[in-house]
Amino acid sequence: MSLAYVVPFLFVLTIVVFFHELGHFLIARWCGIKVVTFSIGFGPEIVGFNDRYGTRWKVSAVPLGGYVKFFGDDNAGEAVPDREAAAGMTEAEKADSFIFKKVGARAAVVAAGPIANFILAIAIFAGIFMTIGKQTTSARVDTVQAGSAAQIAGFMPGDLVIGINGDRIENFADMQRIVSVSAGEPLSVEVDRGGAHVTLKAVPELKEIKDNFGNVHRLGVLGISRSMAPGDIKTQKVGPFSAIVMGAQETWFVVDRTLSYIAGVFAGREAADQLGGPIRIAQVSGQVATAGFAALIHLTAVLSVSIGLLNLFPIPLLDGGHLLFYGIEAARGRPLSERAQEVGFRIGLAIVPDVDDFCNL
């Protein structure tokens with residue numbers, strides 16, 4: 001793999017992993033848990049330092065992830081904590097230990113990683129909206145392809161789409177987001193045609209579309225092009241509050257689109273070849289980097305949402321699996337037996353390599 005792919009990939013992954021682990025770290029410190037190690041990457045240490053609390057911050061040789069190691073939880077994320085060894089701790093050591101904290105504190109520490117990913121994404125999107133601005137194109141139809149779903153539905157050049165299935169459409173991107181995930185589904189489209197409101201019934205077709213990098217995507221399309229007239233294109237920079245709101249909306253869109261896509265894969269409506277693991281992410285990172293730094297930062301936000309969402313899946317070894325165990329512990333009043341947890345982790349270990357591919361971009 002060339003440096004053109006490796007460098008952008010490591011840039012994106014390092015930012016996402018750092019903030020994920022930082023979420024775990026900060027809440028652990030807040031809960032009085034001693035953090036032994038904060039590592040970006042795995043394997044032998046390349047460089048590092050100890051902070052005044054005794055935490056070893058380091059960069060390790062294999063830059064494909066990272067971890068936070070808590071006092072008294074030496075095998076976190078890999079096996080059931082060694083409670084027999086923990087039983088030999090002093091009371092002072094137990095007070096600093098992760099496994100002796102109440103279930104609510106442990107759950108908060110685990111949930112903080114994915115939450116940090118969502119916060120990072122919102123911050124990046126908001127920053128883009130404040131500095132670069134949000135360019136929008138009105139949902140005005142320029143051309144209608146012959147024989148397309150749009151022509152069958154009765155679209156005409158100059159139509160301004162103002163609503164789909166009751167949802168207000170502000171711009172062409174709003175319309176694309178709905179249409180792209182609605183292949184084969186009937187849509188009620190409201191258009192403004194010379195001041196008169198007209199309702200059209202359209203069924204997007206599923207087609208393979210190539211992006212600027214040659215990647216093929218299967219999307220729903222109507223068969224129309226947008227108007228590029230000066231009056232239909234706007235670039236708007238927004239204030240901090242509006243930017244945060246828009247950043248949260250953009251983050252939710254990525255979550256919603258990812259869940260819809262994964263559900264479609266399991267239901268057989270979507271093709272799984274649109275998913276990608278580390279190699280695919282590296283390829284996309286390299287491609288996006290050629291479009292500029294802003295595009296790479298935008299990809300970082302999207303990947304951060306995907307990593308946060310993936311980690312919330314209730315699968316042992318992922319954060320969501322730990323949260324599932326903690327939920328059971330809270331309901332039962334005591335944790336599952338070590339044997340039950342060990343079986344769960346073994347199942348998770350078998351599943352996780354495949355689940356990694358669900359980091360959909």
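Let me start with one residue, Phe-42. Phe-42 is partly exposed, because its relative accessible area is 34%. Phe-42 sits in strand S1, which covers residues 35–50. Together with Val-62 and Leu-64, Phe-42 makes a nonpolar patch on the surface. That patch is about 250 Å². One caution before we go on: this is a predicted model.

Now the overall picture. The protein has 361 residues, and 43% of them count as buried. There are 11 helices and 12 strands. The accessible surface comes to about 18500 Å². Carbon and sulfur atoms hold 60% of that surface. What about contacts along the chain? Take the contacts with a separation of 6 or more. Of these, 63% join residues 24 or more positions apart.

Next, the inside. Which residues have the most contacts within the largest nonpolar core? They are Ile-124, Phe-125, Phe-129, Val-305 and Phe-313. The core has 23 residues. Three helices give two or more residues each to this core: H4 (103–131), H7 (240–267) and H9 (293–311). H4 brings the largest share, with eight residues.

Look at Phe-125 on your screen. Set aside the neighbours within four places in sequence. Phe-125 is then in contact with Gly-247, Glu-250 and Thr-251, and also with His-298, Ala-301 and Val-302. There is a second core too, separate from this one, with 21 residues. Among them are Phe-25, Phe-38, Ile-40 and Val-110.

Let us move to helix H10. H10 runs over residues 319–332, so it has 14 residues. At 1.5 Å a residue, the helix should span 20 Å. The C-alpha atoms at its ends are 20 Å apart, so the two values agree. Which residues of H10 are buried? Here is the list: Asp-319, Gly-320, Gly-321, His-322, Phe-325, Tyr-326 and Glu-329. After H10 comes Gly-333, which has a positive phi, near 85°.

Stay with Asp-319, which lies in H10. Is Asp-319 buried or exposed? Asp-319 is buried, because its relative accessibility is 10%, and the cut-off for buried is under 20%. Leave out neighbours within four places in sequence again. Asp-319 then touches His-20, His-24, Val-110, Pro-114 and Asn-311. Now compare Asp-319 with Gly-113. In sequence, they are 206 residues apart. In space, C-alpha to C-alpha, they are 8.0 Å apart.

His-20 is one of the contacts of Asp-319. His-20 belongs to helix H1, residues 3–30. His-20 is buried too, with a relative accessible area of 6%. Not counting residues up to four places away in sequence, His-20 touches Gly-113, Pro-114, Asn-117, Ile-307, Asn-311 and Asp-319.

Last topic: salt bridges. Side chains of opposite charge can pair when their charged atoms come close. How many salt bridges does a search of the whole structure find? It finds eight. I will show you three.

First on my list, Glu-91 and Lys-94. Their side chains meet in a salt bridge, at 3.8 Å from N to O. Both residues are in helix H3, residues 91–96. They are three residues apart, so about one helical turn separates them. An α-helix has 3.6 residues a turn, so residues three or four places apart point the same way. Glu-91 is exposed, at 62% relative accessible area. Lys-94 is partly exposed, at 22%.

Next, Glu-329 and Arg-106. Their closest N and O atoms are 2.8 Å apart. This salt bridge links distant parts of the chain. Glu-329 is in H10, Arg-106 is in H4, and their positions lie 223 residues apart in sequence. Glu-329 counts as buried, at 12% relative accessibility. Arg-106 is buried as well, at 5% relative accessible area.

Finally, Arg-168 and Glu-170. Their side chains meet in a salt bridge, at 2.8 Å from N to O. Are these residues buried or exposed? Arg-168 is exposed, because its relative accessible area is 64%. Glu-170 counts as exposed too, at 51%.

That is my tour. Please turn the model to H10 and find Asp-319 at residue 319.

Technical notes: Residues are numbered from 1 along each chain as its sequence is written. This is a predicted model: local features need pLDDT of at least 70, side-chain atom pairs count only at pLDDT 80 or more; totals for chains, interfaces and linings use all residues. Side-chain values use heavy atoms; hydrogens and water are left out. Patches are made of residues with over 30% relative accessible area and no salt bridge: like charges are joined within 9 Å, nonpolar side chains (Val, Leu, Ile, Met, Phe, Trp, Tyr) within 5 Å. Accessible areas come from the Shrake-Rupley method with a 1.4 Å probe; for residues, only the protein chains shown count as cover. A salt bridge is a side-chain nitrogen of Lys or Arg within 4 Å of a carboxyl oxygen of Asp or Glu. Helices (H or I, at least four residues) and strands (E, at least two) are DSSP runs, numbered from the N terminus. Buried means under 20% relative accessible area, exposed over 50%, partly exposed in between (1.4 Å probe, protein chains only). The expected span of a helix is 1.5 Å times one less than its number of residues. A nonpolar core is a set of buried Ala, Val, Leu, Ile, Met, Phe, Trp, Tyr and Cys residues joined through side-chain atoms within 4.5 Å. Contact means heavy atoms within 4.5 Å.
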